[in-house]
Amino acid sequence: MTTTPESILALIGEFLTRASKSRDDLSAQTSLWADGLELDSLEAAELSAMLEDAYGTDPFSVGATMPETVADVLAFYEGARTA
Amino acid sequence: MIDLLARTAAVAPDRVAVVTDLGEATYGELAAEARSVAAALIERGLSRVAIVEPDARLVIALLAGAASAGVEACQYLPDLDPDEFAVQAQANGHDQVITRRSDLVGELIDPEALTSGVPTDHGHPGAAVQQLLILTTGSTGQPKAARHDWRVLAGRLEEVAPTPEWRWLLAYGLHQFAGLQVVLHVLASGSTLVAPFPRQPRDGLRAITELGVDAVSATPTYWRFLLAEARGRGATMPPLRQITLGGEAASEALLLALRDWFPAARITHVYASTEVGSVLAVNDGRPGFDAALLRSPQRPEGRLEIRDGELWVRGSAGMVEYAGQATLAPFSADADGWRPTGDLVEVVGERVHFRGRDSEVINVGGVKVHPLPVEERIAAVAGVAMVRVYGRANKLTGAIVAAEIVAEQGVVPDELRAAVRDAVADLPRAWQPRSLQFVEQIKTVGSKTIRRVEA
């Protein structure tokens with residue numbers, strides 16, 4: 001699957017729908033944690049699995065630091081794409 | 001084993017003992033072939049042999065002949081990769097291999113050269129060896145070779161009632177403990193073995209609908225595949241007299257489905273394994289077994305006990321030892337003869353329910369999740385043909401619960417996904433599948449579902 005920002009945002013949106021979370025204000029600046037998507041560990045694990053299934057890797061498992069925002073997730077794949 | 005063959009051969013030599021895709025063999029023919037094998041093995045001076053052969057007629061003659069000659073036989077998966085066979089044969093010290101294949105290491109012996117010789121009516125002079133090796137399925141790594149004593153295995157057949165008109169389907173591999181149990185039961189009861197090859201559920205369905213079968217012993221996974229195949233083809237099933245389940249826990253949903261398909265059949269769930277042998281049989285059609293069977297002050301002779309949630313057994317017809325691997329102790333008996341089984345159980349009311357293997361437990365952020373109850377929830381959702389629940393490694397929580405689903409034809413995946421989520425919504429959050437994938441076929445080893453944690 002192509003790792004464009006649009007496809008990644010669409011996948012995160014799909015995850016939020018499955019998790020019954022609001023996706024109205026989803027943007028690159030949205031925090032993954034408090035004051036944002038408010039993911040708990042199980043939800044983050046689910047999102048990481050969805051990202052891995054779609055793209056073969058995910059920033060929660062591979063990255064040296066945990067992503068804080070949606071922008072960090074996008075940057076992880078942008079970095080992988082240009083590496 | 002040769003005594004079982006000879007017993008029926010003496011009174012009904014023309015009765016069909018085994019039906020394969022290659023033809024039929026009577027009890028008289030099999031007994032003669034087994035005696036030929038015994039004579040040939042004695043003449044060759046062999047003490048241990050490997051058998052790599054799919055044809056049930058040949059395998060029965062070879063096993064019976066080897067037992068009679070005091071030769072320890074060990075079957076390998078008939079279509080085992082040559083390199084893998086080389087590894088396993090070396091580990092088990094097998095240099096002589098009875099097989100029709102030419103791609104295996106060792107001294108290869110054509111089985112038909114053994115069965116076609118001059119029979120002998122006596123066994124090995126002073127034969128003390130009454131053992132055979134049975135390889136485990138290797139669902140948790142390399143197969144281990146469990147050494148069994150023929151006399152112990154045969155001792156459990158004394159009470160088998162004669163059912164000469166019955167035809168039993170061989171749904172297990174003959175190299176498996178369960179497959180051997182089916183063969184021994186067939187021979188002890190003077191019945192007929194129907195043994196198609198390959199032995200996939202679709203082959204079993206064909207045998208049931210075309211070759212005439214009265215009784216089937218198989219794993220719950222095999223039955224789920226077979227029923228899915230039957231539904232997909234709109235098959236009409238003949239009545240069965242006996243359905244025996246083993247190797248895995250049977251869910252209530254499967255028991256009900258079998259009751260719907262085969263209302264006249266007696267349904268028996270046996271608890272057995274390569275290591276501990278046959279332990280109990282449950283005939284009431286309900287999942288699990290009666291808690292009254294557990295050892296208790298009122299029942300001190302009980303052979304079942306629960307320790308830390310794991311089922312332990314004692315005094316069964318278990319293996320003698322692991323061959324060549326004395327340090328492998330997980331199934332060794334303690335001083336009082338009790339062995340751990342690796343099966344996790346829970347007492348609910350007056351019933352003991354199986355929750356899965358200890359190796360299948362999924363640790364989700366410190367919460368121990370048993371895959372079977374989750375699997376049963378999903379299996380009950382309309383549109384789910386097959387399901388496998390297992391642990392998927394995850395850096396954030398250690399593992400998450402994952403499910404692979406085979407959807408029935410015409411089902412909309414997104415709708416089914418939503419229905420599955422609804423079905424598990426009241427389970428603790430750690431138990432709910434966080435990875436749900438639709439697949440063409442679920443993973444199995446032999447005819448058991450794989451549920452261990454995967455990376």
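What follows is a chat between a student and a tutor about a predicted model with chains A and B.

Student: Let's begin with the big sheet. In what order do the eight strands of the open sheet in chain B run?
Tutor: Its pairing is mixed. From one strand to the next, the twist averages 20 degrees. The order in chain B is E2-E1-E10-E9-E11-E12-E13-E14.

Student: Which strands stand at the edges of that sheet, and why?
Tutor: An edge strand here has a single partner strand, so one side of it is left without a neighbour in the sheet. That applies to two strands of chain B, spanning 23-26 and 277-282. They are E2 and E14.

Student: How many bridges join E13(B) to E14(B)?
Tutor: E13(B) covers residues 266-273 and runs antiparallel to E14(B). One pair to look for is Val270(B), which stands opposite Ala281(B) in E14(B). The bridges between E13(B) and E14(B) number five.

Student: Which strands does helix H3 of chain B touch when it packs on the sheet?
Tutor: H3(B) takes in residues 56-69, and its direction makes about 135 degrees with that of E1(B). Another helix, H8(B) (residues 201-212), lies across E1, E9 and E10 of chain B at about 160 degrees to E9(B). For H3(B), the strands touched are E1, E2, E9 and E10 of chain B.

Student: Is Ile60(B) buried or exposed?
Tutor: Ile60(B) is found in helix H3 of chain B. The cut-off for buried is 20 or more other C-beta atoms within 10 Å. Ile60(B) has 26 of them, so the verdict is buried.

Student: Which residues is Ile60(B) in contact with, leaving aside neighbours within four places in sequence?
Tutor: For a sense of the fold around this residue, Ile60(B) and Ala34(B) are 26 residues apart along the chain, yet their C-alpha atoms are separated by 7.8 Å. The contacts of Ile60(B) beyond four places are Val18(B), Leu30(B) and Val183(B).

Student: Which residues touch the most other members of the largest nonpolar core?
Tutor: In soluble globular proteins, nonpolar side chains tend to be buried together. The core here has 147 residues. Take Leu5(B): beyond four places in sequence, this leucine touches Tyr27(B), Leu30(B), Ala31(B), Ala34(B), Ala64(B) and Leu187(B). The residues that touch the most other members are Leu5(B), Leu62(B), Leu170(B) and Leu193(B).

Student: Now the three-stranded open sheet. What is the order of its strands?
Tutor: The pairing is mixed, and E23 (384-394) and E25 (435-438) of chain B each pair on one side only. Neighbouring strands are turned by 20 degrees against each other on average, direction ignored. Helix H11(B), residues 371-379, packs on this sheet and touches E23 and E24 of chain B. The strand order in chain B is E23-E24-E25.

Student: Which residue in E24(B) is the bridge partner of Val387(B)?
Tutor: E23(B) and E24(B) run antiparallel and are joined by 10 bridges. Among the paired residues is Val387(B), whose partner in E24(B) is Ile405(B).

Student: Which UniProt annotation covers residues 374-443 of chain B?
Tutor: That span is 24% helix and 36% strand, and its end C-alpha atoms lie 17 Å apart. The annotation comes from an unreviewed UniProt entry, and reads "domain: AMP-binding enzyme C-terminal".

Student: Which element gives the most to the side of chain A that touches chain B?
Tutor: The contact takes nine residues from chain A and 11 residues from chain B. Two elements of chain A give two or more residues to that side, H2 (41-55) and H3 (59-62). The chain A side divides into five nonpolar, three polar and one charged. With seven residues, the top contributor is H2(A).

Student: What phi does Asp308(B) have, although it is not a glycine?
Tutor: Most residues other than glycine have a negative phi, and most peptide bonds are trans. Asp308(B) sits in the turn of the hairpin formed by E16(B) and E17(B), which has two residues between its strands. Asp308(B) counts as exposed, with 8 C-beta neighbours inside 10 Å. Its phi is positive, about 50 degrees.

Student: Which peptide bond is cis, with omega near 5 degrees?
Tutor: Look in the loop between E10 and H8 of chain B, where Pro198(B) lies. The cis bond runs from Phe197(B) to Pro198(B).

Note on methods:
Residues are numbered from 1 along each chain as its sequence is written. Chains are lettered from A and ligands numbered from 1 in the order in which they are written. This is a predicted model: local features need pLDDT of at least 70, side-chain atom pairs count only at pLDDT 80 or more; totals for chains, interfaces and linings use all residues. A nonpolar core is a set of buried Ala, Val, Leu, Ile, Met, Phe, Trp, Tyr and Cys residues joined through C-beta atoms within 7 Å. A residue is buried if 20 or more other C-beta atoms lie within 10 Å of its own, exposed if 12 or fewer, and partly exposed in between; C-beta atoms are placed from the backbone. Two residues are in contact if their C-beta atoms, placed from the backbone, lie within 7 Å. Two strands pair if DSSP finds at least two bridges between them. Helices (H or I, at least four residues) and strands (E, at least two) are DSSP runs, numbered from the N terminus. Axes are lines fitted to C-alpha atoms, for helices over the stretch in contact, and angles run from 0 to 180 degrees between N-to-C directions. Ala, Val, Leu, Ile, Met, Phe, Trp, Tyr, Cys and Pro count as nonpolar, Asp, Glu, Lys and Arg as charged, and the others, Gly among them, as polar. UniProt positions are given in the numbering used here, feature names are shortened, and annotations may be inferred rather than shown by experiment.
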